Amino acid sequence: MGNKFLRKIVLGFACCICAIPAFAQSNLGSPYSRFGIGQLRFTQDPHLISLGGLSQALTGTGFVTPLNPASYMNIDSLAMVFQFSLAITTLNMEQKVLDETKYARATAASLGNLSFSFQATRWWKMSLGLTPVSGVGYQVSTLINTDSTNIGSYRRYYDGDGGFNKVYWGHAFGIGNLSVGANINYTFGQITKYDELVFEDTTLLYPSDAHYQQTTKARGLGFDFGLQYTQALNKNYDLVFGASYGLRNDLNAKQQTTAYGQQRPNEQGWIDTAFVTDEVSGTLQLPSSFAVGLTLKKNRQWFVGADFGYYKYSEFRSFGKADPMLTDAWSVSIGGERLPQLRSESFFGRMAYRAGVHFGKDYVNYHDNDLREMGLGVGVGIPIKRSKSMINVSYDYSQRGNINEGQIGEHYSRITIGLTAIDSWFIRGKFD
């Protein structure tokens, strides 16, 4: 049974890889994704999402996450763990314009994460995976009225698309109750930004629209590290400490700018003028980060935990320039799980039940005010018959921004479905 199951998983993995190009462009239209490298995607794992984002101090079979590479030591001997997830997210936006509140809505599907984790030796475990880092997708316009009869009113359009992903190769080593790990990350992606100025009054003698496009491509290696330590309090309770640190990552980047104007005399029609810059090489500097977590676990019954993360986005640089809209960010996650009772005769008794909350300060500083975010998640783990594998389903709601402070308010609703498939290597059952 094991070999057949493994073949099915590999086939599913290949299908998901083929779907990556389609999902890669499914970015929500958040105006905040205009800043830095776009909207950050810290976790796409439904298990972690339903726990409010807990990731640092989780132990036990199936608790494998690149957010703390020491977690790879949770892989059972001779076992392979395959994970992937898909999500559908709805974003509702609101903003006060004069005395009126404007609303907008967007929905997108996205591929979450893909990973294989397995044992190299009894004390060395590995993981290979692909996960999104950020997404850019926005469309914003502003109407500007002037008193000049020569210019009249004009509209500015700001559009953007793209994002970054990373492939990682992780390693974990165990010594007694201590596990340490490291990821080697290859981050790559592209962001294209558009800026257009269009005159509303076409009766002007020489109305000249302006168009600007900037494309940035970047790629490079990075590293992050993690540890987990388990301390038995007594025969029933364990206390687990976890921590991780991501080094600042300097990506090799190339940037090209295209600009052109469209001048339209009333009798001669359109006249285009354009220039294209040579491709400029530079560096895209991604910031460092660290996180710590503590979890209290009772045997195979339940656990509760809390994480704190800090992200130094004031370090971000694009071709040597800082982004004034970015600031250091922090987050707190609190969550817990009633673990599946595998020997229960009831199907619902064999399910896992999870819930969590998170809150913090976002990496965007908008209108000289910190952007606050908060949210909650719930989820279940549905066991697959005659295996340790599980289908994970989560729902989470989060919000950021305050319209009373001149910010754009965003409300996210997301449903995520994932598979954690656990199968044994090189062990063939008696019956197929």
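**Exercise 1.** In this predicted model, decide whether Tyr 186 counts as buried, partly exposed or exposed.

*Solution.* Step 1: the relative accessibility of Tyr 186 is 32%. Step 2: buried means under 20% and exposed means over 50%, with partly exposed in between. Step 3: Tyr 186 therefore counts as partly exposed. Phe 188, at 28% relative accessibility, also falls in the partly exposed class.

**Exercise 2.** Classify the ring pair formed by Tyr 186 and Phe 188.

*Solution.* Step 1: rings pair if their centres lie within 6.5 Å. For Tyr 186 and Phe 188 the centres are 5.9 Å apart. Step 2: planes under 30 degrees apart count as stacked. The planes here stand at 25°, so the pair is stacked.

**Exercise 3.** Classify the ring pair of Phe 82 and Phe 116, and state which strands it ties together.

*Solution.* Step 1: by the same pairing rule, the count comes to 13 aromatic pairs. Phe 82 and Phe 116 form one of them, with 5.0 Å from centre to centre and 40° between the planes. Step 2: an angle that is neither under 30 degrees nor over 60 counts as tilted, and this pair is tilted. Step 3: Phe 82 belongs to strand β2 and Phe 116 to strand β3, so the pair ties together parts 34 residues apart in sequence. Step 4: both Phe 82 and Phe 116 are buried. Together with Phe 84, Phe 82 and Phe 116 form one aromatic cluster.

**Exercise 4.** Describe how strand β2 pairs with strands β3 and β20.

*Solution.* Step 1: strand β2 covers residues 79–97 and strand β3 covers residues 100–121. β2 and β3 pair in the antiparallel sense over 17 bridges. Within this pairing, Val 81 stands opposite Ser 117. Step 2: β2 and β3 form a hairpin with two residues between them. Leu 98, in the turn, has a positive phi of about 55°. Step 3: β2 also pairs with strand β20, residues 409–424, in the antiparallel sense over 16 bridges. There, Ala 87 has Thr 416 as its bridge partner.

**Exercise 5.** Which ring face does Arg 34 lie over, and at what distance from the ring centre?

*Solution.* Step 1: the ring is that of Tyr 158. Step 2: Arg 34 lies at 4.3 Å from the ring centre.

**Exercise 6.** Summarise the protein as a whole by its secondary structure, burial and contacts.

*Solution.* Step 1: the secondary structure comes to two helices and 20 strands. Step 2: of the 432 residues, 47% are buried. Step 3: among contacts between residues at least 6 apart in sequence, 68% join residues at least 24 apart.

How values were computed:
Residues numbered from 1 in each chain as written. Predicted model: local features only at pLDDT ≥ 70, side-chain atom pairs only at ≥ 80, totals over all residues. Heavy atoms only, no water. Helix = DSSP H or I, 4+ residues; strand = E, 2+ residues; numbered from the N terminus. Buried < 20%, exposed > 50% of the residue type's maximum accessible area, 1.4 Å probe, protein only. Contact = heavy atoms within 4.5 Å. Pairing = 2+ DSSP bridges. Phe/Tyr/Trp six-rings, centres within 6.5 Å; stacked < 30°, edge-to-face > 60°. Lys NZ or Arg CZ within 6 Å of the ring centre and 35° of its normal.
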